[in-house]
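User: Please work through the aromatic contacts, the nonpolar core and the backbone geometry of the structure shown below.

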Amino acid sequence: MYRIGLIFAAVLVQVIVGQAWGAGSEKVVHLASVAGQGGPAPHKFDAGRPAKGEVSVEQIQLAVRKYFENEWGSRVKAVQVAVIEPAVSVKIPVGAAELLVLPVASEGAMGRRNVNVQIVIDGKAWKTMEVLVDLAASIDVVVPNRSVKADEILEAEDLTMARIVTYDLKSQFVTDLNLVQGKSAARPLQPNTPLRQAFLKAPILIKKGDRVLIEAKRGGLSIQTTGVTKGSGQVGQTVMVANLDSGRELRAKIIAPGLVQVDF
C-alpha cells in the first residue's frame, strides 16, 4: 500500500465514481507551473456524483490532462490527451475514488506513451494501472507573415504569433518575438513557417562589393577614408577591404553597417 504522502508528488484529481463528462461539459483549467517544490502541486476535482463502482475513460483522460497542464504550466497553451488503453471503464470497489497520476520521467516527451495512474478508494491506494495515451500540446510560436529571402533581416512588421500542436517541447521553436527581431534568415522562409533557432542567424551587415568607410583610431587621433569590401560579414567579424585612395588591401573589423575599423 502506498502512503498518502505520495499525493504531494503528483497531481491528484478526485472523482466520485460514476460521473462521466460529455464533450461539451468539460471546463478547461490552465494551471501555473510550480517551481522548486520537487514536482507538480496537487489539484483536486470533485465530480459531485454518488459512487457507482467504476472509473470512466473520460475521468482517466481528465486526470492525465490536468497532470500535464500543471507539469508544463505556462510553456503550453493547452494539452491534448487521447486514452488508448484502457478502452472501457475500470470496475472498482464502491467508494469515493481518487485518481493519482504518478510522476512521469522524460520531461517534454510526447506522442504515444505510458502513464501510471493510481486508483485510491476512500483514501487508501487500491490499484496502479498503466495507461497508454497519445499526448500533444498547443504552443504559441513566432512565424513570418510573408516570404523571406535568405540573409534578409527580420523586422517587427514581418512577424506574428501562431498556435501549433507539437509532440516535443524540446523542439527549438522560437516563442519570443524579441528574439527574432533584427536577426536574419539563415534560409528562405515561407509565410507561417514556425521559426526554429536554426532558421536564424546574426545579420550580414556588410556584403562583398559594398562601399564602406574605413576608420583608423589611435588615442585621440582618427583617420578616415573610403574602400570597397572583398567579402561579407557580421558585426565583430573581419573582412578584407580595398582602400580606394591607395589601392592597398587591408584587414578590417566590421563595426556597423557601412563602417569598418583597422589598426595602425
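User: In this predicted model, are F68 and W72 buried or exposed?
Analyst: Both residues belong to helix α1, where they stand four residues apart, about one turn of the helix. For F68 the relative accessibility is 2%, and because buried means under 20%, this residue meets the criterion. The state of F68 and W72 alike is buried.

User: Which class describes the ring pair of F68 and W72?
Analyst: The ring centres of F68 and W72 lie 4.8 Å apart, with the planes at 40°. Planes under 30 degrees apart would count as stacked and those over 60 as edge-to-face. The angle falls in neither range, so the pair is tilted.

User: Which residues do ring pairs link into a cluster?
Analyst: Two aromatic pairs are found in a search of the whole structure. One of them joins Y67 and F68 edge-to-face, at 4.9 Å centre to centre and 85° between the planes. The rings of F68 and W72 also pair. The cluster therefore consists of Y67, F68 and W72.

User: Which element gives the most residues to the largest nonpolar core?
Analyst: This core has 32 residues, and I60, V64, F68, W72 and V117 have the most contacts inside it. Two or more residues come from each of α1 (57–72), β3, β5 (97–101), β6 and β7. The element that gives the most, with eight residues, is β7.

User: Where does P86, a residue touched by I60, lie?
Analyst: Leaving aside residues up to four places away in sequence, I60 touches several residues, including V83, L99 and P86. A cis peptide bond with omega of about 5° joins E85 and P86. Most peptide bonds are trans. P86 lies in the loop between β3 (78–85) and β4 (90–91).

User: What is the relative accessibility of D122, which has a positive phi?
Analyst: Most residues other than glycine have a negative phi. D122 is not a glycine, yet its phi is about 50°. It is found in the loop between β6 (111–121) and β7 (124–144). D122 counts as exposed because its relative accessibility is over the 50% cut-off, at 52%.

User: What is the relative accessibility of N192?
Analyst: N192 also has a positive phi, near 65°. This residue is found in the loop between β9 (184–185) and β10 (200–201). N192 counts as exposed, with a relative accessibility of 54%.

Terms used
Residues are numbered from 1 along each chain as its sequence is written. This is a predicted model: local features need pLDDT of at least 70, side-chain atom pairs count only at pLDDT 80 or more; totals for chains, interfaces and linings use all residues. Side-chain values use heavy atoms; hydrogens and water are left out. Buried means under 20% relative accessible area, exposed over 50%, partly exposed in between (1.4 Å probe, protein chains only). A nonpolar core is a set of buried Ala, Val, Leu, Ile, Met, Phe, Trp, Tyr and Cys residues joined through side-chain atoms within 4.5 Å. Contact means heavy atoms within 4.5 Å. Rings of Phe, Tyr and Trp (its six-membered ring) pair if their centres lie within 6.5 Å; planes under 30 degrees apart count as stacked, over 60 as edge-to-face and the rest as tilted.
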